[in-house]
Amino acid sequence: MSRSNKVVVPNCKAALNQMKYEIAAEFGLMSGGYSANGADTEFAGELGAVSGQSGSVHWSGLSTRQAGSVGGEITRRLVAQAEQVLNGGFQL
């Protein structure tokens with residue numbers, strides 16, 4: 001079975017990356033603090049110039065459980081947002 005990390009809606013890539021970094025910070029996985037825009041040097045080109053960056057995530061250093069918990073939380077939040085939209089209470 002082949003797996004793909006293809007982003008279905010390319011315009012959402014920056015928002016998903018930001019959410020990933022925010023969740024990593026909430027879980028205490030950021031090293032050196034948390035930058036308000038949630039960027040690390042790996043994605044600095046994608047997210048624009050990063051001034052005053054104070055934290056980063058070394059994704060290769062995370063355990064499978066830690067990385068999975070970030071992915072799981074992203075899924076929970078996206079499902080909750082979709083439920084709000086479907087219920088007519090659009091709110092991000």
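**Exercise 1. Which helices each supply at least two residues of the lining of the largest pocket?**

Conventions: the model is predicted, with local features requiring pLDDT of at least 70 and side-chain atom pairs pLDDT 80 or more, while totals for chains, interfaces and linings use all residues. Residues are numbered from 1 along each chain as its sequence is written, and side-chain values use heavy atoms, without hydrogens and water.

*Solution.*

1. A pocket is an open set of points on a 1 Å grid over the protein atoms alone, where a 1.4 Å probe fits, with protein on both sides within 12 Å along at least five of seven lines; lining residues have an atom within 4 Å of a point.
2. Helices are DSSP runs of H or I, at least four residues, numbered from the N terminus. Helix 1 (13–26) and helix 3 (64–86) each meet the condition.
3. Helix 3 gives the largest share, six residues.

**Exercise 2. Describe the volume and lining of the largest pocket, then of the second largest.**

*Solution.*

1. Volume is the space filled by probe spheres set on the grid points, which are joined across faces, edges and corners. The largest pocket has about 490 Å³.
2. Its lining has 16 residues, of which Asn5, Leu16, Asn17, Lys20 and Ile74 are closest to the centre.
3. Sort this lining by type, with Ala, Val, Leu, Ile, Met, Phe, Trp, Tyr, Cys and Pro as nonpolar, Asp, Glu, Lys and Arg as charged, and the others, Gly among them, as polar. The result is eight nonpolar, four polar and four charged.
4. The second largest pocket holds about 210 Å³. Ten residues line the second largest pocket, and Ala15, Leu16, Met19, Leu78 and Gln81 are closest to its centre.
5. Its lining divides into nine nonpolar, one polar and no charged. Helix 1 and helix 3 each supply at least two of these residues.

**Exercise 3. Where is tryptophan 59 found, and which side chain does a polar contact join to that of tryptophan 59?**

*Solution.*

1. Tryptophan 59 lies in the loop between helix 2 (44–47) and helix 3.
2. Its relative accessibility is 22%, so tryptophan 59 counts as partly exposed (buried is under 20%, exposed over 50%, partly exposed in between, with a 1.4 Å probe and protein chains only).
3. The partner is tyrosine 21, with a polar contact of 3.3 Å between the two side chains (a pair of N or O atoms within 3.5 Å; within protein, one able to donate a hydrogen and the other to accept it, and residues adjacent in sequence counting only if both atoms are side-chain atoms).
4. Leucine 29 is 30 residues from tryptophan 59 along the chain, and their C-alpha atoms are separated by 9.2 Å.
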